[in-house]
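Please open the structure in the viewer and keep the selection tool at hand. The tour below proceeds from one selection to the next.

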Amino acid sequence: SVCNAAETLLVQRSALSTHLAPIVKSLSDAGVSIRADPESLALIDSKNVTAAGAEDFNTEFLDYVIALKVVESVDEAISHINAHGSHHTDLIVTENTSTAERFLAGIDSANVYHNASTRFADGFRYGFGAEVGVSTTRTHSRGPVGVDGLLIYKYRLYGNGHTVGGMAKSNIPFTHRPIQPTY
């Protein structure tokens, strides 16, 4: 597993009937073990699914394992992620722009994405050159630090189903532009 791998999948209750079965099938076909909360477990028929324990939602599995939980709303998802996530990279898949903006503003992570792969979370892809380390805390390096070293960044990536594969195999230039935050 890499630091930008998906460890937990939250599915909004209103999307269960249309999205849960195909997601579980795709994950199972790829050999991913799913640890499901009671509500999703009752809806799934797959040999790759077992009951999740509370610790599963705080775990970086480093394997083909994902925790699955049903949430009522984007606000519940934000609360869950802020309480149990690593604060590294989180994403929302939705066609609703205002829901996406609420998510991007509410998640306390270094990288927040809308409809794009978390695999974009990489220093090289951000134009920093070779990545030498990753921090998910708000503390900084010791010793002499310039102004840039005192800043904390939050990166937003907007996509339309984009994945890293196409970027890695071609010579597409990366472009970086400032965006105005909306809260």
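Begin by selecting D37: leaving aside its neighbours within four places in sequence, D37 is in contact (heavy atoms within 4.5 Å) with A52, F57, L68, K69 and V70. The model is predicted, so local features need pLDDT of at least 70 and side-chain atom pairs count only at pLDDT 80 or more, while totals for chains, interfaces and linings use all residues. Residues are numbered from 1 along each chain as its sequence is written, and side-chain values use heavy atoms, with hydrogens and water left out.

D37 lies in the loop between strand 2 (33–36) and helix 2 (38–41). Helices (H or I, at least four residues) and strands (E, at least two) are DSSP runs, numbered from the N terminus. Add S40 to the selection: the side chains of D37 and S40 are joined by a polar contact of 2.5 Å. A polar contact is a pair of N or O atoms within 3.5 Å; within protein, one must be able to donate a hydrogen and the other to accept it, and residues adjacent in sequence count only if both atoms are side-chain atoms.

Which side chain of opposite charge is nearest to D37? It is K69, 4.5 Å away, and D37 is buried yet has no salt bridge. Buried means under 20% relative accessible area, exposed over 50%, and partly exposed in between (1.4 Å probe, protein chains only). A salt bridge is a side-chain nitrogen of Lys or Arg within 4 Å of a carboxyl oxygen of Asp or Glu. Lys and Arg count as positive and Asp and Glu as negative; His and the chain ends are not counted.

Next, select helix 1, residues 16–29. Its buried residues are L16, L20, V24, L27 and S28. Seen down the axis of helix 1, these buried residues fall within an arc of 95° (taken from the directions from the helix axis to the C-beta atoms), so they line one face of the helix. On the other side of helix 1, T18, K25 and D29 are exposed. The cover over the buried residues of helix 1 includes strand 1 (8–12), strand 2, helix 2, strand 3 (49–51) and strand 4 (65–71). After helix 1 comes G31, with a positive phi near 85°.

Now select L62, in the loop between strand 3 and strand 4. L62 is not a glycine, although its phi is positive, about 55°. L62 counts as exposed, at 54% relative accessibility.

Finally, display the whole protein chain, which has five helices and seven strands.

Key. The expected span of a helix is 1.5 Å times one less than its number of residues.
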